[in-house]
Amino acid sequence: MTSRRAFITHAARTGLLFVGCGLANAGPQPPSRPARRVVTVRGRRIKTVDVHAHCAVAEAIELRRAAAGSQAANQPLLLDGQPLADRLKTMDAQGIEMAVLSINPNWYDVDRDLAARIIDVQNERMAAFCASHADRFAAFASVALQFPDLAAEQLERAMKRMSFRGAAIGGSVAGLELADAKFHPFWSKAEELGAVVFIHPQGSGTADFTNRLKGNGMLGNVIGNPLETTIALSHLIFEGTLDRFPGLKILAAHGGGYLPSYMNRFDHGCQTFPAQCKAGVPKERPTEYVKRMYYDSLVFTSEALRHLVAEVGVDRIVVGTDYPYPWVSAPVDHVLDAAGLSDADREAILQGNAAKLLGLRIA
Ligand SMILES: [Zn+2]
């Protein structure tokens with residue numbers, strides 16, 4: 001194999017069976033030895049880290065459901081319900097060594113007491129799960145961001161006493177933008193702690209916006225989700241939040257939505273129409289802030305990934321699978337196949353960037 005095209009192997013859990021690209025010749029695996037894809041770059045074993053892996057905690061869902069008397073607004077994926085073997089089997093087949101778990105917020109509309117109870121049970125369950133499986137799992141904490149002071153306390157406890165890597169939040173909070181001054185206490189604490197803040201959209205647009213995305217094609221997701229991320233990150237830039245808290249470590253799902261691929265328009269908006277922009281906000285060119293954030297690799301094709309690398313830099317990109325949603329079946333392939341990447345670049349995207357960003361010790 002050339003240096004640009006990494007060699008891929010698949011092996012039994014023991015690492016004894018190696019075949020070339022594709023599974024066609026691998027043959028049936030003994031039930032006691034589930035197939036494990038071993039990813040290598042130029043002969044060097046890579047332990048891929050997935051930063052976008054959903055989970056849910058049954059007790060928290062029940063708390064939410066009991067209070068609302070209705071919806072179970074979370075993923076059908078339970079840390080304490082789904083057999084661990086199923087999850088590990090999928091991770092093994094996809095070549096994912098470590099998953100960094102998170103829970104999409106569905107509690108931004110509940111009162112303070114209930115929010116605190118939901119967050120406590122989620123963080124305690126996730127922390128215990130990760131402690132029991134530290135070789136395969138880490139996690140982002142949950143926080144009750146509608147109460148920023150409480151969210152800051154929860155984040156501090158999660159980081160200092162529970163070994164979380166940061167927090168997962170939505171792209172907006174009960175109709176408020178993340179750049180709203182109300183959230184400054186949370187951003188301040190995240191900056192102080194060096195916490196990674198994983199922003200995942202929830203399609204929580206306005207009614208007008210949501211109405212336009214109805215109809216065939218699941219546009220509320222395929223357009224709405226990346227658009228929500230784009231809007232959230234854009235406000236953080238243009239409202240000066242990233243100037244006020246320059247040490248923030250923002251990690252955006254789905255490759256940052258549309259932001260990195262269309263960011264250059266940002267540099268021209270205020271130049272072209274200065275009367276519509278506050279002088280000196282943001283302090284630097286908008287694209288400079290885009291290059292300081294981190295993005296998962298969930299952009300599907302090698303060409304899209306190549307472009308993302310070209311726009312934000314290879315050191316800003318980490319792997320995301322969106323487990324358990326089967327958007328992609330082989331989440332490392334487009335990294336291995338992307339044009340213009342060196343072996344070191346591939347290793348960085350698959351493992352090194354995430355390990356460094358999240359402080360993961362990968363054996
Ligand atoms: Zn997701």
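**Entry 1: the chain as a whole**

I counted the secondary structure and found 15 helices and 13 strands in the chain. I noted that the model is predicted. I then looked up burial: the chain has 363 residues, and 52% of them count as buried. The accessible surface comes to about 16100 Å². Carbon and sulfur atoms hold 54% of that surface. I also checked contacts between residues with a separation of 6 or more, and 73% of these join residues 24 or more positions apart.

**Entry 2: helix H4**

I chose helix H4, residues 148–161, to test its length. At 1.5 Å a residue, its 14 residues should span 20 Å. The C-alpha atoms at its ends are 19 Å apart, which agrees with the expected span.

Which residues of H4 are buried? I listed Pro-148, Leu-150, Ala-151, Ala-152, Gln-154, Leu-155, Ala-158 and Met-159. Next I asked what the buried residues of H4 pack against. The partners are two helices, H3 (112–132) and H5 (184–193), and the strand S7 (166–169). Just after H4 I came to Ser-163, which takes a positive phi of about 65°.

**Entry 3: aromatic pairs**

I searched the whole structure for aromatic pairs and got 6. Among them is the pair of Trp-107 and Tyr-108, with ring centres 6.3 Å apart. Their planes stand at 75°, and over 60 counts as edge-to-face, so I entered the pair as edge-to-face. Trp-107 is buried, with a relative accessible area of 0%. Tyr-108 is buried too, with a relative accessible area of 9%.

I then looked up Phe-300 and Trp-327, whose ring centres are 6.1 Å apart. Their planes are at 55°, so this pair is tilted. Where do these two residues lie? Phe-300 is in the loop between S12 and H13, and Trp-327 is in the loop between strand S13 (317–318) and helix H14 (333–337). The pair therefore ties together parts that are 27 residues apart in sequence.

I checked whether these two are buried or exposed, and each falls in between. Phe-300 has 42% relative accessibility and counts as partly exposed. Trp-327, at 33%, also counts as partly exposed.

**Entry 4: a nonpolar patch**

Phe-300 and Trp-327 came up again when I looked at the surface. Together with Met-218, Val-222, Ile-223 and Tyr-258, they make a nonpolar surface patch of about 510 Å². For the record, the loop that holds Phe-300 runs between strand S12 (294–296) and helix H13 (302–312).

**Entry 5: Val-318**

I picked Val-318, which lies in strand S13. Is Val-318 buried or exposed? Val-318 is buried, with a relative accessible area of 0%.

I set aside its neighbours within four places in sequence and listed what else Val-318 is in contact with. The list is Val-51, Leu-251, Tyr-295, Asp-296, Ser-297, Ile-349, Asn-353 and Ala-354. I also looked up the distance to Gln-351, which is 33 residues from Val-318 along the chain. The C-alpha atoms of Val-318 and Gln-351 are separated by 7.5 Å.

**Entry 6: unusual backbone angles**

I reminded myself that most residues other than glycine have a negative phi, and that most peptide bonds are trans. I then went through some exceptions.

The peptide bond from Val-281 to Pro-282 is cis, with omega near -5°. I located Pro-282 in the loop between helix H11 (266–272) and helix H12 (286–290). The bond from Tyr-323 to Pro-324 is cis as well, with omega near 10°. Pro-324 sits in the loop between S13 and H14.

Asp-322 is found in the loop between S13 and H14. Asp-322 is not a glycine, yet its phi is positive, about 70°. At 4% relative accessibility, Asp-322 counts as buried.

Ala-174 is another residue other than glycine with a positive phi, near 50°. Its place is the loop between strand S8 (172–173) and strand S9 (176–177). Is Ala-174 buried or exposed? I entered Ala-174 as exposed, because its relative accessibility is 61% and the cut-off for exposed is over 50%.

Note on methods. Residues numbered from 1 in each chain as written. Predicted model: local features only at pLDDT ≥ 70, side-chain atom pairs only at ≥ 80, totals over all residues. Heavy atoms only, no water. Helix = DSSP H or I, 4+ residues; strand = E, 2+ residues; numbered from the N terminus. Expected span 1.5 Å × (residues − 1). Buried < 20%, exposed > 50% of the residue type's maximum accessible area, 1.4 Å probe, protein only. Contact = heavy atoms within 4.5 Å. Patch = residues over 30% accessible without salt bridge, like charges linked within 9 Å, V, L, I, M, F, W, Y side chains within 5 Å. Areas by Shrake-Rupley, 256 points an atom, 1.4 Å probe, with all protein chains shown as cover. Salt bridge = Lys/Arg side-chain N within 4 Å of Asp/Glu carboxyl O. Phe/Tyr/Trp six-rings, centres within 6.5 Å; stacked < 30°, edge-to-face > 60°.
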